[in-house]
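Visitor: I am new to this structure and would like a close look at one part of it. Please take a single place and work outward from there, in plain terms.

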Amino acid sequence: MNAQSTVQLHSGNAMPILGLGTWQLTIDTADTVAYALELGYRMIDTSSDYGTQPGIGEAIKRSHISRDSLYIVTKVEETDDAYQATKEYLNEMDLEYADLMLIHRPPARGAGEELWDGLIRAKKEGLTKDIGVSNYSAELSQKLIDASNEVPTVNQIEWSPFGHSRDFKNFCIRNNIIIQAYSPLTRGNRLDNKTLNQIASKYHKTPAQMMLRWNIQLGTVPLPKANQKRHLEENLGFFDFEISTQDMEILSNLNEEYSSLGSLPYI
């Protein structure tokens, strides 16, 4: 297992099991992403409101990695015309297609059926290989499914040992929806947790590596952000060990429904 290892989506397409988050990665975006690609990262996650799409496009141009070996995720906003926005955001990165387009968050009213229809059209026209959602609850996800018979391949949500839901994960399993975990390291706010550090010491790993490995063993796909090269390197250090069933349970029991944004939208 490594950063190029993949999980299969219900569409039949493969997605890397690890990605690089780029929220607030606006300083030296191109250099950071280019270094990540050099290290072996293949999935890059962005959004129009991150301000990182142009830098990601530049990093892709610099790399010698073929486009079909990369996995690019971006998002339409709840106020967008999803179909037109997809084309606009691809132009920002100078790409012909995305691998995954998401609705960034539900609109103020409804489940975003019109947004979903726009992404379905974009998929049919080859502008994206797969479509999904972000920050959606089970109820809102089901409304999209019922309205279109199109099941999201992914739901990208805040997810860590300190904030998650077994019930929501079971909903995703039943519907073959893969959870992408943003802020899987709690934006650093729980790295000093005593129990986490005790278990990390047992495996001779860092707390960050333990949280990423916890995600992988649950079947979720973490998207850690890293501004520094040493953190990009550290975050790749979880492939060479396995957390025991007992320690996985201890880590899962750290759950306090923590959210760096104030609340988890799926609980």
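**A loop, a strand and their surroundings**

Guide: D28 lies in the loop between β3 (19-21) and α1 (29-39). The model is a predicted one, and every value below is computed from it. The phi angle of D28 is near 55°, which is a positive value in a residue other than glycine. Most residues other than glycine have a negative phi.

Q24 also has its place in the loop between β3 and α1. With a relative accessible area of 47%, Q24 counts as partly exposed, because that class covers values between 20% and 50%. Leaving aside neighbours within four places in sequence, Q24 is in contact with K225 and N227. Q24 and E234 are 210 residues apart in sequence, and their C-alpha atoms are 19 Å apart in space.

A second loop comes in here. A226 is placed in the loop between β10 (221-223) and α9 (229-234). The C-alpha atoms of A226 and L25 are separated by 8.0 Å, although the two residues are 201 apart along the chain. A226 has a relative accessibility of 2%, so this residue counts as buried. Which residues does A226 touch, leaving aside its neighbours within four places in sequence? They are L20, G21, L25, T32, H231, L232 and N235.

Another loop residue with a positive phi is S183, where the angle is near 50° and the residue is again not a glycine. S183 sits in the loop between β9 (178-182) and α7 (194-203). Its relative accessibility is 12%, and S183 therefore counts as buried, since buried means under 20%.

From the loops, turn to strand β5. Strand β5 covers residues 71-76, and six of its six residues are buried, so the strand is largely enclosed by the rest of the structure. The cover is on both faces: Y71, V73 and K75 are buried on one side, and I72, T74 and V76 are buried on the other.

What runs alongside β5? Strand β4 (residues 43-45) is joined to β5 by three bridges, and the two strands run parallel. Within that pairing, D45 stands opposite V73. Strand β6 (residues 98-103) is joined to β5 by four bridges, and this pair is parallel too. Here V73 stands opposite L100 in β6. V73 thus has a partner in β4, namely D45, and a partner in β6, namely L100.

The strands are linked through helices. β4, helix α2 (residues 53-62) and β5 form a right-handed β-α-β unit. β5, helix α3 (residues 82-93) and β6 form a right-handed β-α-β unit as well. In α2, the buried residues are Q53, G55, I56, G57, A59 and I60. The cover over the buried residues of α2 includes α1, β4, β5 and α3, and α1 is the helix that follows the loop holding D28.

At the end of β6, in a strand of residues 98-103, comes I103. I103 and M210 are the residues with the most contacts inside the largest nonpolar core, which has 72 residues. Not counting residues up to four places away in sequence, I103 touches V76, G112, L115, W116, L119, G132, V133, S134, Y136 and L144. Of these, V76 is also one of the buried residues of β5. Apart from this core lies another one, of eleven residues, among them M15, M43, L102 and L223. In soluble globular proteins, nonpolar side chains tend to be buried together.

One more buried residue is S252, found in helix α10 (residues 245-252). Its relative accessibility is 9%, so S252 counts as buried. S252 touches P161, H164, R166 and W214, with residues up to four places away in sequence not counted.

Last, the chain as a whole. Its secondary structure comes to ten helices and ten strands. The radius of gyration is 18 Å, close to the 18 Å that the globule rule gives for 267 residues, so the chain is as compact as a globular protein of that length. The C-alpha trace spans about 50 × 40 × 30 Å along its principal axes. Buried residues make up 57% of the 267 residues. Among contacts with a separation of 6 or more, 73% come from residues 24 or more positions apart. The chain exposes about 11,700 Å², and carbon and sulfur atoms supply 44% of that area.

Definitions and conventions
Residues are numbered from 1 along each chain as its sequence is written. This is a predicted model: local features need pLDDT of at least 70, side-chain atom pairs count only at pLDDT 80 or more; totals for chains, interfaces and linings use all residues. Side-chain values use heavy atoms; hydrogens and water are left out. Buried means under 20% relative accessible area, exposed over 50%, partly exposed in between (1.4 Å probe, protein chains only). Two strands pair if DSSP finds at least two bridges between them. A crossover is right-handed if, with the strands pointing away from the viewer, the path from the first strand over the helix to the second runs clockwise. A nonpolar core is a set of buried Ala, Val, Leu, Ile, Met, Phe, Trp, Tyr and Cys residues joined through side-chain atoms within 4.5 Å. Contact means heavy atoms within 4.5 Å. The radius of gyration is taken over C-alpha atoms; the globule rule is 2.2 Å times the number of residues to the power 0.38. Accessible areas come from the Shrake-Rupley method with a 1.4 Å probe; for residues, only the protein chains shown count as cover.
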